[in-house]
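Me: I am new to this structure and would like a close look at a single part of it. Please take one aromatic residue as the starting point and work outwards from there in one connected account.

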Amino acid sequence: MEFIKVEHIPDLVVVKFKAFYDERGYFEETFNAKQFKDSNLPTEWVQSNHSHSAEGVLRGMHWQKEPFAQDKYVKVSRGKAIDVAVDIRVGSPTFGKFHMVELTEENHTGFFIPKGFAHGFMALTDEVEFEYMVSGGQYDKDSERSFRWNDPDVNIPWGADTPILSDKDAQAPLLGELPEEDLFKFNKAE
């Protein structure tokens with residue numbers, strides 16, 4: 001595995017898997033606790049999730065506030081999606097900035113998103129299988145927060161004007177409309 005810190009937001013990490021191909025297909029290791037630990041990433045996950053999405057489905061921008069905040073490690077096992085993380089740590093020099101990664105079954109790539117970031121993705125092909133593990137807090141519905149996918153101040157280039165959204169995502173507030181207690185505080189020591 002190769003761990004690549006995102007240059008403009010170094011708390012985000014792109015993970016490249018090595019795939020071993022033969023006549024049967026391929027094998028890849030998508031998580032290795034020692035390698036994650038050596039890269040200062042979490043190794044204890046509390047939940048593993050899987051979603052299935054049709055082309056054009058957009059899920060995001062989501063997080064859970066403290067004390068149920070979660071790190072996420074995401075990948076696509078079928079199809080193609082764009083995955084986005086947005087810094088929502090008040091006082092961070094990269095607050096409101098995002099990074100986008102294309103995740104596909106062919107590019108053998110994962111994306112690590114720490115607490116303090118909103119997360120979302122959009123399915124670019126039909127039958128997208130999206131998998132992610134979370135560390136930190138368990139799922140807590142009352143701690144769920146989101147901001148609108150097309151917030152003009154964040155300006156994420158999704159490549160679609162009318163994605164398929166849940167009612168919750170379609171009606172989410174803008175990032176600037178959220179109270180500070182729904183966001184995270186930036187810790188300069190991070």
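Reply: Trp-45 counts as buried, because its relative accessibility is 18% and the cut-off for that class is under 20%. The model is a predicted one, and what follows should be read with that in mind. The ring of Trp-45 forms an aromatic pair with that of Tyr-73, and the pair is stacked, with 6.1 Å from centre to centre and 25° between the planes. Since Trp-45 lies in the loop between helix 1 (33-38) and strand 5, while Tyr-73 belongs to strand 7, the pair ties together parts that are 28 residues apart in sequence. Tyr-73 is buried as well, because its relative accessible area of 4% is under the 20% limit. The two rings also belong to a wider group, for ring pairs link Phe-3, Phe-31, Phe-36, Trp-45 and Tyr-73 into a cluster. In the whole structure, a search finds 10 aromatic pairs.

From Tyr-73 the account can move to the sheet around it. Strand 7 takes part in an open sheet of six strands, whose order is 1-2-11-7-13-5 and whose pairing is antiparallel. At the edges of this sheet stand strand 1 (2-5) and strand 5, each with a single partner strand, so that one side of each is left without a neighbour in the sheet. From one strand to the next, the twist averages 20°. The partnership at one end of the order can be followed in detail: strand 5 and strand 13 pair in the antiparallel sense over seven bridges, and Ser-51 has Phe-130, in strand 13, as its bridge partner.

A second sheet deserves the same attention. Five strands make up this open sheet, in the order 10-8-12-6-14, and here too the pairing is antiparallel. Its edge strands are strand 10 (98-104) and strand 14 (144-146), each of which pairs on one side only. The twist in this sheet averages 25° from one strand to the next. Within it, strand 6 (residues 58-64) and strand 12 (residues 117-123) run antiparallel and are joined by three bridges, and His-62 stands opposite His-119 of strand 12. Another tryptophan, Trp-63, has its place in strand 6. Trp-63 is buried, because its relative accessible area is 5%, again under the 20% limit. Although Trp-63 and His-119 are 56 residues apart in sequence, their C-alpha atoms are 6.6 Å apart in space.

The empty space of the model brings strands of both sheets back into view. In general, rolling a probe the size of a water molecule over the atoms shows where empty space is left. The largest pocket has a volume of about 440 Å³. It is lined by 25 residues, and the closest to its centre are His-62, Lys-72, Tyr-132, Glu-144 and Lys-168. The elements that each supply at least two residues of this lining are strand 5 (47-53), strand 6, strand 7 (70-78), strand 12, strand 13 (128-136), strand 14 and helix 2 (167-170). Strand 6 gives the largest share, five residues. Sorted by class, the lining of the largest pocket holds nine nonpolar, 10 polar and six charged residues.

Apart from this pocket, the count comes to one cavity of 30 Å³ or more. About 80 Å³ of space lies in the largest cavity. Its lining consists of 13 residues, and those nearest its centre are Trp-63, Gln-64, Gln-70, Lys-72 and Phe-117. Strand 6, strand 7 and strand 12 are the elements that give two or more residues to this lining. By class, the lining of the largest cavity has five nonpolar, five polar and three charged residues. Lys-72 is named among the residues closest to the centre of the largest pocket and among those nearest the centre of the largest cavity.

One further piece of the chain lies outside this line of thought but can be added. Strand 3 (residues 19-22) and strand 4 (residues 25-28) run antiparallel and are joined by four bridges. A hairpin leads from strand 3 to strand 4 through two residues, and Asp-22 stands opposite Gly-25 of strand 4.

Technical notes. Residues are numbered from 1 along each chain as its sequence is written. This is a predicted model: local features need pLDDT of at least 70, side-chain atom pairs count only at pLDDT 80 or more; totals for chains, interfaces and linings use all residues. Side-chain values use heavy atoms; hydrogens and water are left out. Two strands pair if DSSP finds at least two bridges between them. Axes are lines fitted to C-alpha atoms, for helices over the stretch in contact, and angles run from 0 to 180 degrees between N-to-C directions. On a 1 Å grid over the protein atoms alone, a cavity is a set of points where a 1.4 Å probe fits but cannot get out, and a pocket is an open set with protein on both sides within 12 Å along at least five of seven lines; lining residues have an atom within 4 Å of a point. Grid points are joined across faces, edges and corners, and a volume is the space filled by probe spheres set on the points. Ala, Val, Leu, Ile, Met, Phe, Trp, Tyr, Cys and Pro count as nonpolar, Asp, Glu, Lys and Arg as charged, and the others, Gly among them, as polar. Rings of Phe, Tyr and Trp (its six-membered ring) pair if their centres lie within 6.5 Å; planes under 30 degrees apart count as stacked, over 60 as edge-to-face and the rest as tilted. Buried means under 20% relative accessible area, exposed over 50%, partly exposed in between (1.4 Å probe, protein chains only).
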